[in-house]
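Trainee: I am new to this structure and would be grateful for a close look at a single strand and its surroundings. Please take one part and describe it in a connected way.

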Amino acid sequence: MAENYSNSRLKCFHTCKLKYYLQYIKKFDSSDTSKSAVTEKGLALHETAENFYTGISDADALALIDSKIKEHNVKNLDTMKFNENGYALDDNGQVILDKDGNPCTRDTVPDAYPMYIALRRLKYFWQNFVAVKEQEGYEVKKEEEFRGEIEGKNFMGYLDLFLDKGDEVIIGDYKTPKTIGASSYKEQLMLYAYLVGKQRGWNEDEIEKRIKLYVFFPFGDHKKEGLTDVEDALACLKQVKYTAFDLRDVIQTFYINSIKEAEAFDWSQVSGYSGKFNQWTCKWCQYLGALPIEATGFPGCQASRMNGLYQKRGITFTERVKKDDNAEKEDPEK
(Lines give C-alpha, C1' and ligand atoms only; values in the text may rest on other atoms or scores of the structure.)
Protein backbone atom coordinates (compact mmCIF):
# COMPACT_ATOMS: atom_id res chain seq x y z
CA MET A 1 0.00 0.00 0.00
CA ALA A 2 1.38 3.39 -0.98
CA GLU A 3 2.49 5.70 1.78
CA ASN A 4 0.51 8.84 2.52
CA TYR A 5 2.34 12.04 3.42
CA SER A 6 1.14 15.05 5.37
CA ASN A 7 2.52 18.30 6.70
CA SER A 8 2.84 16.90 10.21
CA ARG A 9 4.66 13.81 8.97
CA LEU A 10 7.32 15.80 7.13
CA LYS A 11 7.74 18.26 9.99
CA CYS A 12 8.29 15.25 12.24
CA PHE A 13 11.10 14.09 9.93
CA HIS A 14 12.94 17.36 10.50
CA THR A 15 12.28 17.67 14.24
CA CYS A 16 12.97 14.12 15.43
CA LYS A 17 14.28 11.21 13.37
CA LEU A 18 13.52 8.74 16.16
CA LYS A 19 9.84 9.68 16.34
CA TYR A 20 9.57 9.52 12.54
CA TYR A 21 11.16 6.06 12.56
CA LEU A 22 8.90 4.74 15.30
CA GLN A 23 5.69 6.33 14.02
CA TYR A 24 6.00 6.11 10.24
CA ILE A 25 8.61 3.45 9.45
CA LYS A 26 8.09 0.83 12.15
CA LYS A 27 4.57 2.06 13.08
CA PHE A 28 4.76 1.42 16.82
CA ASP A 29 1.59 2.34 18.73
CA SER A 30 1.35 3.02 22.45
CA SER A 31 -1.13 1.13 24.63
CA ASP A 32 -1.86 4.47 26.32
CA THR A 33 -4.73 6.07 24.41
CA SER A 34 -5.32 8.89 26.88
CA LYS A 35 -4.92 12.48 25.66
CA SER A 36 -3.50 15.55 27.34
CA ALA A 37 -5.86 18.19 28.75
CA VAL A 38 -4.79 20.67 26.08
CA THR A 39 -5.55 18.17 23.30
CA GLU A 40 -8.96 17.36 24.78
CA LYS A 41 -9.69 21.10 24.89
CA GLY A 42 -8.81 21.36 21.21
CA LEU A 43 -10.98 18.39 20.31
CA ALA A 44 -13.95 19.83 22.22
CA LEU A 45 -13.68 23.11 20.31
CA HIS A 46 -13.11 21.46 16.92
CA GLU A 47 -16.06 19.13 17.33
CA THR A 48 -18.23 22.05 18.38
CA ALA A 49 -17.18 23.98 15.27
CA GLU A 50 -17.76 20.90 13.11
CA ASN A 51 -21.40 20.84 14.22
CA PHE A 52 -21.91 24.62 14.12
CA TYR A 53 -24.15 26.09 11.43
CA THR A 54 -25.62 29.37 10.33
CA GLY A 55 -28.68 30.23 12.40
CA ILE A 56 -27.88 27.97 15.35
CA SER A 57 -29.54 29.35 18.47
CA ASP A 58 -27.50 30.45 21.47
CA ALA A 59 -29.19 27.73 23.54
CA ASP A 60 -28.30 24.99 21.03
CA ALA A 61 -24.74 26.29 20.67
CA LEU A 62 -24.31 26.27 24.45
CA ALA A 63 -25.76 22.76 24.70
CA LEU A 64 -23.42 21.64 21.93
CA ILE A 65 -20.23 22.86 23.57
CA ASP A 66 -21.38 21.67 27.01
CA SER A 67 -21.79 18.16 25.58
CA LYS A 68 -18.27 18.31 24.14
CA ILE A 69 -16.84 19.68 27.39
CA LYS A 70 -18.38 16.73 29.21
CA GLU A 71 -17.35 14.19 26.57
CA HIS A 72 -13.71 15.30 26.67
CA ASN A 73 -13.66 16.03 30.40
CA VAL A 74 -12.46 19.60 29.91
CA LYS A 75 -12.16 21.94 32.88
CA ASN A 76 -14.11 25.06 31.88
CA LEU A 77 -12.43 28.16 33.28
CA ASP A 78 -15.56 30.22 32.61
CA THR A 79 -17.66 28.23 35.11
CA MET A 80 -15.07 28.08 37.89
CA LYS A 81 -15.49 30.06 41.11
CA PHE A 82 -13.03 32.60 42.54
CA ASN A 83 -12.86 34.16 46.00
CA GLU A 84 -12.68 37.86 46.86
CA ASN A 85 -8.90 37.79 46.37
CA GLY A 86 -9.25 36.42 42.85
CA TYR A 87 -8.00 32.96 43.79
CA ALA A 88 -9.50 29.93 42.04
CA LEU A 89 -11.59 27.53 44.11
CA ASP A 90 -12.14 23.81 43.61
CA ASP A 91 -15.51 22.06 43.92
CA ASN A 92 -15.10 21.96 47.71
CA GLY A 93 -14.47 25.70 47.95
CA GLN A 94 -10.75 25.28 48.64
CA VAL A 95 -8.14 27.50 47.01
CA ILE A 96 -6.36 25.71 44.16
CA LEU A 97 -2.58 25.76 44.50
CA ASP A 98 0.01 25.53 41.75
CA LYS A 99 2.96 23.12 41.83
CA ASP A 100 4.93 25.58 43.95
CA GLY A 101 2.14 25.93 46.50
CA ASN A 102 0.98 29.37 45.38
CA PRO A 103 -2.73 30.23 45.02
CA CYS A 104 -3.94 30.05 41.42
CA THR A 105 -5.55 33.04 39.76
CA ARG A 106 -7.65 32.91 36.59
CA ASP A 107 -4.46 33.14 34.51
CA THR A 108 -2.64 30.34 36.33
CA VAL A 109 -5.23 27.61 36.93
CA PRO A 110 -3.68 24.43 35.49
CA ASP A 111 -5.47 22.64 32.65
CA ALA A 112 -8.49 24.99 32.64
CA TYR A 113 -9.65 26.81 29.52
CA PRO A 114 -12.15 29.60 28.73
CA MET A 115 -14.53 27.43 26.75
CA TYR A 116 -17.47 29.86 26.77
CA ILE A 117 -15.28 32.73 25.60
CA ALA A 118 -14.11 30.50 22.73
CA LEU A 119 -17.75 29.68 21.93
CA ARG A 120 -18.67 33.37 21.88
CA ARG A 121 -15.84 34.07 19.48
CA LEU A 122 -16.87 31.15 17.29
CA LYS A 123 -20.42 32.54 17.19
CA TYR A 124 -19.38 36.00 16.04
CA PHE A 125 -16.75 34.66 13.66
CA TRP A 126 -19.44 32.51 12.08
CA GLN A 127 -22.02 35.28 11.89
CA ASN A 128 -19.63 37.90 10.50
CA PHE A 129 -17.43 35.78 8.24
CA VAL A 130 -18.82 32.35 7.38
CA ALA A 131 -22.49 33.37 7.09
CA VAL A 132 -21.50 36.39 4.99
CA LYS A 133 -19.64 34.10 2.59
CA GLU A 134 -22.69 31.83 2.42
CA GLN A 135 -24.73 34.82 1.29
CA GLU A 136 -22.12 35.45 -1.41
CA GLY A 137 -22.68 31.95 -2.79
CA TYR A 138 -20.05 29.88 -1.00
CA GLU A 139 -20.98 26.35 0.07
CA VAL A 140 -19.89 25.58 3.64
CA LYS A 141 -18.09 22.28 4.16
CA LYS A 142 -16.53 21.09 7.41
CA GLU A 143 -13.89 18.46 8.19
CA GLU A 144 -13.44 17.98 4.45
CA GLU A 145 -10.99 15.20 3.57
CA PHE A 146 -8.75 15.84 0.59
CA ARG A 147 -6.24 13.75 -1.30
CA GLY A 148 -3.72 14.59 -3.97
CA GLU A 149 -0.28 13.92 -5.38
CA ILE A 150 2.98 15.80 -5.50
CA GLU A 151 5.42 14.24 -7.98
CA GLY A 152 3.69 10.88 -7.64
CA LYS A 153 3.60 10.90 -3.82
CA ASN A 154 0.25 10.64 -2.08
CA PHE A 155 -0.86 13.37 0.30
CA MET A 156 -4.00 13.56 2.36
CA GLY A 157 -5.41 15.69 5.13
CA TYR A 158 -8.49 17.33 6.58
CA LEU A 159 -9.79 20.86 6.17
CA ASP A 160 -11.51 22.31 9.26
CA LEU A 161 -13.48 24.81 7.18
CA PHE A 162 -13.85 24.72 3.40
CA LEU A 163 -15.88 27.47 1.70
CA ASP A 164 -16.43 26.51 -1.92
CA LYS A 165 -17.74 28.80 -4.65
CA GLY A 166 -16.47 26.71 -7.54
CA ASP A 167 -14.05 29.20 -9.06
CA GLU A 168 -13.10 30.62 -5.65
CA VAL A 169 -12.19 28.78 -2.44
CA ILE A 170 -11.56 29.77 1.17
CA ILE A 171 -9.69 27.34 3.40
CA GLY A 172 -9.96 27.93 7.14
CA ASP A 173 -8.12 26.23 9.98
CA TYR A 174 -8.92 26.34 13.70
CA LYS A 175 -5.94 26.51 16.07
CA THR A 176 -6.34 26.60 19.84
CA PRO A 177 -3.17 27.99 21.48
CA LYS A 178 -3.21 31.40 23.16
CA THR A 179 -0.53 32.74 20.86
CA ILE A 180 -1.90 34.20 17.64
CA GLY A 181 0.65 33.61 14.89
CA ALA A 182 -0.66 32.57 11.49
CA SER A 183 2.82 32.49 9.92
CA SER A 184 3.53 29.29 11.86
CA TYR A 185 0.93 27.51 9.76
CA LYS A 186 1.84 28.94 6.36
CA GLU A 187 3.49 25.78 4.98
CA GLN A 188 0.58 23.62 6.10
CA LEU A 189 -2.09 25.85 4.58
CA MET A 190 -0.17 26.37 1.34
CA LEU A 191 -0.02 22.59 0.98
CA TYR A 192 -3.81 22.48 1.30
CA ALA A 193 -4.19 25.26 -1.25
CA TYR A 194 -1.82 23.56 -3.68
CA LEU A 195 -3.55 20.18 -3.52
CA VAL A 196 -7.06 21.62 -3.73
CA GLY A 197 -6.03 23.87 -6.61
CA LYS A 198 -4.35 21.07 -8.54
CA GLN A 199 -7.48 18.93 -8.17
CA ARG A 200 -9.33 21.69 -10.02
CA GLY A 201 -6.71 22.04 -12.71
CA TRP A 202 -5.37 25.40 -11.52
CA ASN A 203 -1.72 26.39 -11.83
CA GLU A 204 0.13 28.24 -9.07
CA ASP A 205 -0.83 31.69 -10.37
CA GLU A 206 -4.50 30.71 -10.48
CA ILE A 207 -4.29 29.20 -7.00
CA GLU A 208 -2.91 32.48 -5.64
CA LYS A 209 -5.87 34.36 -7.13
CA ARG A 210 -8.60 31.83 -6.35
CA ILE A 211 -7.75 30.36 -2.92
CA LYS A 212 -7.60 32.40 0.28
CA LEU A 213 -6.26 31.02 3.54
CA TYR A 214 -7.29 31.88 7.09
CA VAL A 215 -6.54 30.73 10.63
CA PHE A 216 -8.99 31.30 13.48
CA PHE A 217 -7.71 31.33 17.08
CA PRO A 218 -10.76 31.10 19.42
CA PHE A 219 -8.53 30.99 22.53
CA GLY A 220 -6.10 33.60 21.20
CA ASP A 221 -4.73 36.45 23.29
CA HIS A 222 -4.69 39.41 20.90
CA LYS A 223 -3.88 41.83 23.75
CA LYS A 224 -6.39 44.39 22.48
CA GLU A 225 -8.74 46.13 24.91
CA GLY A 226 -12.08 47.86 24.57
CA LEU A 227 -13.32 45.76 21.66
CA THR A 228 -16.90 44.81 20.97
CA ASP A 229 -17.71 41.08 20.87
CA VAL A 230 -17.58 41.13 17.09
CA GLU A 231 -14.26 43.00 17.01
CA ASP A 232 -12.85 40.62 19.62
CA ALA A 233 -13.78 37.57 17.53
CA LEU A 234 -12.44 38.99 14.28
CA ALA A 235 -9.19 39.99 15.99
CA CYS A 236 -8.63 36.23 16.38
CA LEU A 237 -8.96 35.67 12.62
CA LYS A 238 -5.77 35.98 10.57
CA GLN A 239 -5.29 35.66 6.85
CA VAL A 240 -2.27 33.76 5.57
CA LYS A 241 -1.08 35.68 2.54
CA TYR A 242 1.09 34.01 -0.08
CA THR A 243 2.18 34.37 -3.69
CA ALA A 244 2.53 31.91 -6.54
CA PHE A 245 6.30 32.12 -6.00
CA ASP A 246 5.85 31.22 -2.30
CA LEU A 247 3.73 28.26 -3.34
CA ARG A 248 6.25 26.89 -5.83
CA ASP A 249 9.08 27.41 -3.38
CA VAL A 250 7.48 25.66 -0.39
CA ILE A 251 6.30 22.72 -2.48
CA GLN A 252 9.78 22.20 -3.91
CA THR A 253 12.06 23.11 -1.01
CA PHE A 254 10.01 21.67 1.83
CA TYR A 255 7.63 18.99 0.60
CA ILE A 256 9.40 17.46 -2.39
CA ASN A 257 12.90 17.73 -0.93
CA SER A 258 11.75 16.43 2.47
CA ILE A 259 10.23 13.32 0.92
CA LYS A 260 13.43 12.66 -1.03
CA GLU A 261 15.50 13.05 2.14
CA ALA A 262 13.19 10.78 4.15
CA GLU A 263 13.20 8.06 1.51
CA ALA A 264 16.97 8.19 1.11
CA PHE A 265 17.67 8.25 4.86
CA ASP A 266 19.46 5.23 6.35
CA TRP A 267 16.96 4.19 9.01
CA SER A 268 19.11 1.24 10.10
CA GLN A 269 21.30 3.76 11.91
CA VAL A 270 18.46 4.99 14.15
CA SER A 271 18.64 3.95 17.80
CA GLY A 272 17.02 4.92 21.08
CA TYR A 273 19.61 7.69 21.32
CA SER A 274 18.61 9.29 18.01
CA GLY A 275 15.81 11.38 19.49
CA LYS A 276 16.07 15.15 19.62
CA PHE A 277 14.65 16.52 22.85
CA ASN A 278 12.55 19.66 22.68
CA GLN A 279 10.59 20.90 25.67
CA TRP A 280 7.67 22.01 23.48
CA THR A 281 7.29 19.29 20.83
CA CYS A 282 8.24 16.31 23.00
CA LYS A 283 5.30 16.77 25.36
CA TRP A 284 2.99 15.77 22.49
CA CYS A 285 4.93 12.60 21.72
CA GLN A 286 3.54 9.16 22.52
CA TYR A 287 7.11 7.88 22.91
CA LEU A 288 8.06 10.40 25.62
CA GLY A 289 10.24 8.70 28.23
CA ALA A 290 9.72 5.27 26.69
CA LEU A 291 11.83 2.29 27.77
CA PRO A 292 13.29 -0.09 25.20
CA ILE A 293 11.51 -3.42 24.64
CA GLU A 294 14.05 -6.01 23.56
CA ALA A 295 11.50 -8.63 22.49
CA THR A 296 9.95 -6.38 19.82
CA GLY A 297 13.01 -4.31 18.93
CA PHE A 298 11.39 -1.14 20.24
CA PRO A 299 14.37 1.13 21.07
CA GLY A 300 12.72 3.52 23.55
CA CYS A 301 13.64 7.17 23.80
CA GLN A 302 16.81 7.92 25.73
CA ALA A 303 16.80 11.63 24.82
CA SER A 304 13.69 12.28 26.90
CA ARG A 305 14.74 9.93 29.71
CA MET A 306 18.05 11.76 30.04
CA ASN A 307 15.98 14.92 30.57
CA GLY A 308 14.16 13.31 33.50
CA LEU A 309 10.94 12.36 31.69
CA TYR A 310 9.55 8.84 32.06
CA GLN A 311 6.63 6.93 30.62
CA LYS A 312 3.65 5.88 32.73
CA ARG A 313 3.79 2.46 34.33
CA GLY A 314 2.43 -0.44 32.33
CA ILE A 315 2.72 1.24 28.93
CA THR A 316 3.70 -1.05 26.05
CA PHE A 317 4.39 -0.41 22.37
CA THR A 318 3.37 -2.80 19.62
CA GLU A 319 3.95 -2.68 15.89
CA ARG A 320 0.80 -2.29 13.80
CA VAL A 321 0.01 -5.38 11.77
CA LYS A 322 -2.47 -3.62 9.50
CA LYS A 323 -0.88 -0.66 7.74
CA ASP A 324 -3.63 1.97 7.60
CA ASP A 325 -3.43 4.68 4.95
CA ASN A 326 -4.91 7.51 7.00
CA ALA A 327 -2.81 10.59 7.50
CA GLU A 328 -2.90 11.83 11.07
CA LYS A 329 -4.83 14.99 11.69
CA GLU A 330 -2.92 18.07 12.67
CA ASP A 331 -3.00 18.67 16.41
CA PRO A 332 -5.25 21.67 17.04
CA GLU A 333 -2.78 23.13 19.50
CA LYS A 334 0.19 23.08 17.13
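Mentor: The account that follows concerns one strand and its neighbours.

This is a predicted model, in which local features need pLDDT of at least 70, side-chain atom pairs count only at pLDDT 80 or more, and totals for chains, interfaces and linings use all residues. Residues are numbered from 1 along each chain as its sequence is written, and side-chain values use heavy atoms, with hydrogens and water left out.

The part chosen is strand β9, residues 169-174. Helices (H or I, at least four residues) and strands (E, at least two) are DSSP runs, numbered from the N terminus. Six of the six residues of β9 are buried, so the strand is largely enclosed by the rest of the structure; buried means under 20% relative accessible area, exposed over 50%, and partly exposed in between (1.4 Å probe, protein chains only). Both faces are covered: one side carries Val169, Ile171 and Asp173, the other Ile170, Gly172 and Tyr174, and all are buried.

Two strands pair with β9, where pairing requires that DSSP finds at least two bridges between the strands. One is β8 (residues 153-164), which is antiparallel to β9 over four bridges. Within that pairing, Ile170 of β9 has Leu163 opposite. The two strands form a hairpin with four residues between them, and Gly166 in the turn has a positive phi of about 85 degrees.

The other is β10 (residues 211-216), which runs parallel to β9 and is joined to β9 by six bridges. Here Ile171 has Leu213 of β10 as its bridge partner.
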